[in-house]
Amino acid sequence: MRSNVLAALTGALFGAGLVLAGMTDPARVIGFLDVTGRWDPSLAFVMGGAVLVYAVLYRLVLRRRAPWFGPAFHLPTRDDLDRALVLGAAVFGVGWGLGGLCPGPGIVVAGAGLPTGLVFLAAMIAGMYVQRQIARRASR
Amino acid sequence: MHYRRAVSTAWLLALAGGALIGLASTLLLLSHGRIAGISGVLGALVPPAAPGAGWRASFVAGMLVAGVLAAVVAPGQLGGSPRSLPLVALAGLLVGFGTRLGSGCTSGHGVCGLSRLSRRSLVAVSTFMATGVLTVWLVGGAA
């Protein structure tokens, strides 16, 4: 229970960061990707600020033997480059440039009740579902 | 003069917002031992659901609440898409499908992966930045 409350607060903090940064305004995100047009490079500082903080702090956190809740840290272990990684990232980028939203901001803008966010979130969940079904069928 | 001030404010807000995102990602690692990849957190809730539905649903609910609060406190930071709703729906489909196939998005591969100097994340970020820029070049900018 306590762990879920903390997870909710963490999600809210993450969302607040996205709002403060301006990632929740699709027109600005599209402006950030519009390098040959009216380019607005300011959003590069979002990733810059986040990486700056996380790159230092995650190393400190991993000195612990385990997280507060749960027996161990779950970190990605794969290091191979495969077709799914590149193809998936490519498809994601097309969707990002098309709508001006990535998953986090999509959830926040849906929470704000804007039609853009609600439509985007519903479609994103549908896209995730379709991918799961295809992956399951392929592994059978 | 005003223009310059507006630009530097946007950059400072972007930096501060990014720092908050980094802090929240650190907190999720410290508390639950998990990488804060939003597509992964949400995607594992889509049936058939993976373990950890409790903290995942709570995290997503927190993000939705942040949106509710933002609509009241900082509506200027929120925007509808300059694209039509059918295009937004197509965009959502592609983002959902692509992030699951490619195991991550701007947060998991971008923030966490680049911080950890992951080779897979570096390739993923380069790829989605490239196709994002290409798409805006083809479809057109916001203005």
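**Reading a two-chain helical model**

Q: Which residues of the largest nonpolar core touch the most other members?
A: Among the 86 residues of that core, they are A50(A), I107(A), V108(A), F120(A), M63(B) and L94(B). A nonpolar core is a set of buried Ala, Val, Leu, Ile, Met, Phe, Trp, Tyr and Cys residues joined through C-beta atoms within 7 Å. Buried means that 20 or more other C-beta atoms lie within 10 Å of the residue's own; 12 or fewer means exposed, and in between is partly exposed, with C-beta atoms placed from the backbone. In soluble globular proteins, nonpolar side chains tend to be buried together.

Q: What kind of model is this, and how are its parts labelled?
A: It is a predicted model: local features need pLDDT of at least 70, side-chain atom pairs count only at pLDDT 80 or more, and totals for chains, interfaces and linings use all residues. Residues are numbered from 1 along each chain as its sequence is written, while chains are lettered from A and ligands numbered from 1 in the order in which they are written.

Q: What scores does the model have?
A: Its ipTM is 0.96 and its pTM 0.95. For single residues, read pLDDT, the predictor's confidence in each residue, from 0 to 100. Chain B has a mean pLDDT of 94, with 94% of its residues at 70 or more. Among the elements of chain B, helix α4 (residues 85–101) has the highest mean, 98. Helix α1 (residues 2–32) of chain B has the lowest, 89.

Q: How many helices and strands does chain A have?
A: Elements are DSSP runs numbered from the N terminus: helices are H or I, at least four residues, and strands are E, at least two. Chain A has six helices and zero strands. Chain B also comes to six helices and zero strands.

Q: What are the spans of the two chains, and what share of each is buried?
A: Spans are taken along the principal axes of the C-alpha trace. For chain A that gives about 50 × 45 × 30 Å. For chain B it gives about 50 × 35 × 30 Å. Of the 140 residues in chain A, 54% are buried. Of the 143 residues of chain B, 58% are buried.

Q: How many residues does each chain bring to the contact?
A: Residues are in contact if their C-beta atoms, placed from the backbone, lie within 7 Å. Chain A brings 106 residues and chain B brings 99. On the chain A side, α1 (2–21), α2 (26–33), α3 (44–61), α4 (83–99), α5 (103–111) and α6 (115–139) each supply at least two residues. α1(A) gives the most, 18 residues. By class, this side of chain A has 71 nonpolar, 29 polar and six charged residues. Nonpolar covers Ala, Val, Leu, Ile, Met, Phe, Trp, Tyr, Cys and Pro; charged covers Asp, Glu, Lys and Arg; the others, Gly among them, are polar.

Q: At what angle do α4(A) and α6(B) pack?
A: Axes are lines fitted to C-alpha atoms, for helices over the stretch in contact, and angles run from 0 to 180 degrees between N-to-C directions. α4(A) and α6(B), residues 119–139, pack at about 35°, with axes 7 Å apart. Their contact has 16 nonpolar, six polar and one charged residues by class.

Q: Why is α2(A) largely enclosed?
A: Seven of its eight residues are buried, so the rest of the structure largely encloses α2(A). The buried residues are P26(A), R28(A), V29(A), I30(A), G31(A), F32(A) and L33(A). Their cover includes α4 and α6 of chain A, together with α6 of chain B.

Technical notes
Two residues are in contact if their C-beta atoms, placed from the backbone, lie within 7 Å.
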